[in-house]
Amino acid sequence: MMESKKELEKIELELLLEAIFRRYGYDFRHYAQASLKRRIAQCMQQAGVSRVADLIPPILHDKGFFDDFLKFMSVTVTDMFRDPDFFATLRSQVIPVLKTYPFIKIWHAGCATGEEVYSLAILLKEEGLYERTQIYATDYNNHSLAIAREGIYSLKQMQQYSENYIRAGGRQSFSDYYHAKYGAAKIHDSLKANVTFANHNLANDGVFGEMQMVICRNVLIYFDQQLQDRVLTLLHDSLSPRGFLCLGNKESLKFSAVQNCFENQDYAQRIFKRVRSRSSRIDP
């Protein structure tokens with residue numbers, strides 16, 4: 001019995017994802033299907049092919065083609081002070097706790113092109129915490145990381161970012177944090193001094209130190225339940241006792257393997273505090 005077109009497309013997709021995993025170690029096999037198919041369709045259109053299977057040979061044999069493919073797969077929708085209420089809540093509820101630590105480590109997972117990382121750096125600087133904080137900002141897309149390290153963005157976006165900054169409780173003029181030249185805005189080097197950008201793949205890689213706060217916003221929505229569990233466990237294991245976990249406003253710990261390890265700090269802004277280890281022991 002001949003397979004239907006949908007069944008054949010399913011087989012082609014599985015072969016493509018398996019080929020990528022075995023060749024490069026990137027695991028897209030547990031990404032949410034709707035988002036996955038949409039991004040692969042965009043890549044197919046750009047490559048001028050009509051079947052998913054036609055992507056396999058160039059991906060296997062052309063590293064440059066695969067790097068372009070990664071750009072389609074990486075979600076880079078971000079802004080400075082995106083969701084200003086989240087940053088305002090960080091300022092009012094989390095920063096006072098972080099001030100009790102002599103040294104602070106923060107992991108920003110899925111940092112994309114870096115706008116939210118620099119937003120966090122600005123907030124910490126205004127609260128007098130930046131000098132004793134180390135931020136580890138990670139993503140699996142090296143192209144996005146290169147943009148983040150440069151910290152150069154369109155000057156046209158700065159007006160909207162300035163409005164976000166004010167709504168987030170900003171205390172200075174937003175223009176104090178960047179240099180404007182030739183239609184571009186370059187983030188001040190002082191905001192980069194305590195930020196380390198690094199490649200890290202949430203689907204494959206391991207624990208990223210012991211942090212007082214982990215930010216992973218609007219990333220889990222692209223994963224299926226199995227991968228969400230894997231990532232949430234990883235984020236839990238990367239937190240120190242009583243550390244804070246920040247997710248996106250459409251994301252949740254409900255039904256996850258670590259749901260009972262956290263209590264709500266501010267559920268509306270999806271900020272959680274780790275109160276138990278995975279062995280159910282109460283952290284001190």
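Is Ser252 buried, partly exposed or exposed? Hold that thought for a moment, everyone, while I say what we are looking at. This is a predicted model, so please hear every value today as computed from that model.

Back to the serine. Ser252 sits in the loop that links β8, residues 239–247, to β9, residues 262–266. Its relative accessible area is 22%, and buried means under 20% while exposed means over 50%, so Ser252 counts as partly exposed. And what does Ser252 touch, leaving out residues up to four places away in sequence? The list is Leu232, Leu247 and Tyr267. There is also a link within the loop region: the Ser252 side chain reaches the backbone nitrogen of Lys254 at 2.9 Å. If you look over to Phe272, 20 residues away along the chain, its C-alpha atom is 9.8 Å from that of Ser252.

Now let me zoom out to the sheet that β8 and β9 belong to. Seven strands make up this open sheet, and reading across you meet β6-β2-β1-β7-β8-β10-β9, with mixed pairing. At the edges are β6, residues 195–199, and β9, each of which pairs on one side only. From one strand to the next the twist averages 20°. For a parallel example, take β1, residues 104–109, and β2, residues 133–139, which are joined by six bridges. Within that pair, Lys105 is found opposite Gln134 of β2.

Something also lies across this sheet. Helix α9, residues 225–237, lies across β1, β7, β8, β9 and β10, and runs at about 135° to β8. For those following along on the structure, β7 covers 211–216 and β10 covers 271–274.

There is a second sheet to visit. This one is open too, with three strands in the order β3-β5-β4 and antiparallel pairing. Which strands stand at its edges? Those are β3, at 152–154, and β4, at 178–181; each has a single partner strand, so one side of each has no neighbour in the sheet. Neighbouring strands here are turned by 30° against each other on average, ignoring direction.

Let me walk through the two pairings. On one side, β3 pairs with β5, residues 184–187, through three bridges in the antiparallel sense. There, Ile152 has Lys186 of β5 as its bridge partner, and Tyr153 stands opposite Ala185. On the other side, β4 and β5 run antiparallel and are joined by four bridges. Tyr178 has Ile187 of β5 as its bridge partner. β4 and β5 also form a hairpin, with two residues between the strands, and Tyr182 in that turn has a positive phi of about 55°.

Which residues of β5 lie on its covered face? Ala185 and Ile187 do, whereas Ala184 and Lys186 are on the uncovered one.

Now to the helices. The axes of α5, residues 84–98, and α6, residues 115–126, come within 11 Å and cross at roughly 45°. That angle makes α5 oblique to α6, and the crossing is right-handed. From α5, the residues in contact are Phe87, Leu90, Arg91 and Ile95. They meet Glu116, Ser119, Leu120, Leu123, Leu124 and Glu126 of α6.

Just beyond that helix pair there is a glutamate to point out. Glu127 lies in the loop between α6 and β2. Is Glu127 buried or exposed? With a relative accessible area of 11%, Glu127 is buried. The Glu127 side chain makes a polar contact with the side chain of Arg171, at 3.0 Å. Setting aside neighbours within four places in sequence, Glu127 is in contact with Arg91, Ile95, Lys99 and Arg171. You may recall Arg91 and Ile95 from the list of α5 residues that meet α6.

I will finish with another glutamate. Glu12 belongs to helix α1, residues 5–24. Glu12 has a relative accessible area of 16%, so this residue is buried. Beyond neighbours within four places in sequence, its contacts are Arg51, Val52, Ala53 and Ile56. Ser74 is another matter: Glu12 and Ser74 are 62 residues apart in sequence, and their C-alpha atoms are 21 Å apart in space.

Thanks for listening, and I am happy to go back to any part of the model.

Conventions:
Residues numbered from 1 in each chain as written. Predicted model: local features only at pLDDT ≥ 70, side-chain atom pairs only at ≥ 80, totals over all residues. Heavy atoms only, no water. Pairing = 2+ DSSP bridges. Axes fitted to C-alpha atoms, helices over the stretch in contact; angles between N-to-C directions. Buried < 20%, exposed > 50% of the residue type's maximum accessible area, 1.4 Å probe, protein only. Contact = heavy atoms within 4.5 Å. Polar contact = N/O pair within 3.5 Å; in protein donor to acceptor, adjacent residues only side chain to side chain. Parallel < 35°, antiparallel > 145°, perpendicular 65-115°, else oblique. Left-handed = near helix turned anticlockwise from the far one by under 90°.
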